[in-house]
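Trainee: I should like to look closely at a single part of this model. Please describe one strand and the partners beside it.

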Amino acid sequence: LVLVIDFGGQYNQLIARRVRECNVYCEVIPNSYSIDEIKNKNPKGIIFTGGPSSVYEENAPTISKEIFELGIPVLGICYGAQLTAHLLGGSVKKGDKREYGKTKIHYKDSMLFYGIEKENICWMSHTDAIYEIPEGFEITAYTDDCPIAAMENKEKNLYAVQFHPEVEHTNDGFKVIENFLVNICNLKGTWTTKSFIDESIEYIRKKVGDKKVLCALSGGVDSSVAAVLVHKAIGDNLTCMFVDHGLLRKNEGDEVESIFKDTFNMNLIRINAKDRFLDRLKGVVDPEQKRKIIGEEFIRVFEEESKKIGKIDYLVQGTIYPDVIESGGDKGTASVIKSHHNVGGLPEDIDFEIIEPLRKLFKDEVRKVGLELGIPKDLIFRHPFPGPGLGIRVLGEVTDEKLEILKEADYIYRQELKKAGLDKEIWQAFAVLPDVKTVGVMGDERTYSYLIGLRAISSSDGMTGDWYRIPYDVLEKISIRIVNEVPNVNRVVYDITSKPPSTIEWE
Ligand code: XMP
C-alpha cells in the first residue's frame with residue numbers, strides 16, 4: 001500500500017491513478033490523518049501531493065514532522081516538496097517569477113531519475129519555490145528559473161520534486177513515479193484487475209456468508225459491475241432489482257434484462273413502473289421538480305418491492321473511489337454506512353448493511369474489472385446517462401407520446417454516430433425534445449410539428465465540455481433520417497454551445 005496524502009492539489013487523483021497503473025495499490029487520504037492512523041495503514045511508501053497554499057502562511061495544510069522518522073520513503077510533489085523543505089529546516093519563498101507549463105529540466109544522478117534522459121522536459125506550475133535545502137539533502141534537478149527543482153536525502157529515503165511527474169506533459173514523468181515505487185519503496189506491482197476480483201470475491205463470501213443480498217440495477221456501469229462481482233461471489237443469494245421507470249432509451253430496459261438474466265443467469269426482478277412515474281409527472285414542467293419526483297418515486301417503488309422479497313441483510317451499492325475521496329477518504333469500516341448513496345438517497349431508517357465492492361476503484365478500473373468479468377463492451381463504455389433519464393430530456397411536461405418521439409430520434413442519432421465511428425470519441429451524445437412546435441412543409445402540405453435538438457459533448461469528467469464538431473455530412477444524414485422516420489418531427493437543430501456557459505443537459 002502507498003498513501004497519497006492530499007494537500008488540495010488539482011492532480012491528486014491523477015497521482016493515485018499513476019501509482020495504480022504501476023499495479024501498486026494506493027489510497028488518497030486527507031492531510032488531517034494522525035501519524036497513528038497513517039502507521040496503522042502500514043504503508044510502504046508515502047506521496048505528498050501538490051496544493052494551492054503557501055507553506056509559510058498561517059493555517060496552511062501541514063503534517064507532523066514525525067512522518068519523516070517512520071522509515072517509510074516519502075516523495076513530495078510541488079507543494080509536497082516545499083512542505084518537506086519547510087518542515088525539515090530548509091526555506092521556501094515566493095519566487096521572482098511564476099514557472100508554468102512545459103519547462104526544460106536537467107536531472108542529476110538519482111535513483112528517482114534512473115533510466116531517464118538527463119536533459120528533459122517537465123511540467124511546472126508554481127510561484128513559491130525552495131530556496132534552501134534542509135540538512136542532509138542534495139539537489140538533484142534544476143531548471144533555468146528554479147535552481148532546486150528536485151532534492152533528496154538518500155539515507156532517509158526522502159525525495160521531493162517541484163515539477164509534476166503525474167501529468168502527461170512531463171516526459172518520463174510516469175517513470176519517475178515508477179522509480180519511486182519500484183527502486184525506492186521496493187514494491188513489486190502485484191495489484192491487478194484479476195487480483196482485485198479474486199480478493200473481492202473472497203472478501204464478499206466471508207462477509208456475507210449465506211445471507212441475502214439485494215442490488216438495485218440501473219443499467220449503468222457501476223451498478224452492473226458491482227452486481228456481477230457480487231454474483232460471482234455468492235450466486236443466487238443475490239437478488240437484483242431493476243426498477244424500469246420507462247424513462248430509459250429505446251430498447252435499454254430489455255437489454256439490461258437480457259444481459260443479467262440470460263448472459264449471467266442472475267436473479268433479476270424487473271419492475272415496469274412507467275405508468276406510476278408518468279402519472280406522478282403529469283402536469284409537472286419544472287426540471288428540479290421532475291428530478292425530485294423521479295428520485296422519490298424510485299425509492300418508493302424500490303422500498304415497496306424489496307419488502308415483497310422477504311428479509312434482506314445487505315444492499316449492494318456501486319460507489320466508486322472518487323466519491324469516497326470526496327467524502328473524506330476511507331477510515332475503515334466505520335465510514336461505510338455514511339457514504340454516498342448511489343440508489344439516489346435512501347431513507348434514513350434502512351435496516352440492511354451496505355456493501356460497496358467498488359469503493360476502491362477509479363472509473364477506468366471499474367471498466368477493466370467489468371470487461372474481465374465478461375460484461376459486454378457496449379454496456380461498459382456506454383455514455384453517462386442521468387438518473388432521471390429521458391424525464392429531463394423531454395422538456396416541459398413528460399407524456400407518453402413525447403417520450404416515444406424522443407426515444408426514436410435519440411436512437412437514430414446514436415446509431416448514426418456509431419456507424420460513423422464517432423461514439424467513442426464523444427463523451428456524451430443525446431437528443432432532446434423541446435416543448436415547441438415549428439412550421440414545416442412536407443410534399444405540398446404545411447406541417448406544424450415538434451423539433452429535435454441534438455447534443456454531443458467532448459469532456460473528460462462532465463464538469464466542463466466543448467460541443468463536438470460532428471462532420472456536416474453525418475449531421476445531414478441524421479437530420480434526414482429523423483424527419484423521415486420519426487412521426488411528428490419536422491425540424492432538427494444542433495446545439496453549438498459549450499459548458500460553461502450552458503450545461504450538458506437542457507434541463
Ligand atoms: P450538466 O447538465 O449539469 O450535466 O452539465 C453534467 C453531467 O451530469 C449528468 N446529469 C445528471 N446525472 N442525475 C444524474 O444522475 C441528474 O439529475 C443529472 N443531471 C445531469 C449529465 O447527463 C452530465 O453527464
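Mentor: Let us begin with a single pair of residues: Ser-458 has Asp-466 in strand 18 as its bridge partner. The model is a predicted one, and the part to examine is strand 17, which covers residues 445-458. Strand 18 is made of residues 466-467 and runs antiparallel to strand 17, with 2 bridges joining them.

Strand 16 is another partner of strand 17. It comprises residues 437-442, and the two strands pair in the antiparallel sense over 6 bridges. One position to locate here is Lys-437, whose bridge partner in strand 17 is Tyr-450. Strand 16 and strand 17 form a hairpin with 2 residues between the strands, and in this hairpin Gly-443 takes a positive phi near 65°.

Tyr-450 also serves as a guide to a further partner, for its bridge partner in strand 19 is Val-489. Strand 19 spans residues 489-494, and its pairing with strand 17 is in the parallel sense, over 5 bridges. Tyr-450 is thus a useful residue to find in the structure: it is the bridge partner of Lys-437, and it has Val-489 as its bridge partner in strand 19.

There remains strand 15, residues 428-432, which runs antiparallel to strand 17 and is joined to it by 5 bridges. Here the pair to find is Val-432 with its bridge partner Gly-453 in strand 17.

To review the directions, strand 17 is antiparallel to strand 15, to strand 16 and to strand 18, whereas its pairing with strand 19 is parallel.

Methods
Residues numbered from 1 in each chain as written. Predicted model: local features only at pLDDT ≥ 70, side-chain atom pairs only at ≥ 80, totals over all residues. Pairing = 2+ DSSP bridges. Helix = DSSP H or I, 4+ residues; strand = E, 2+ residues; numbered from the N terminus.
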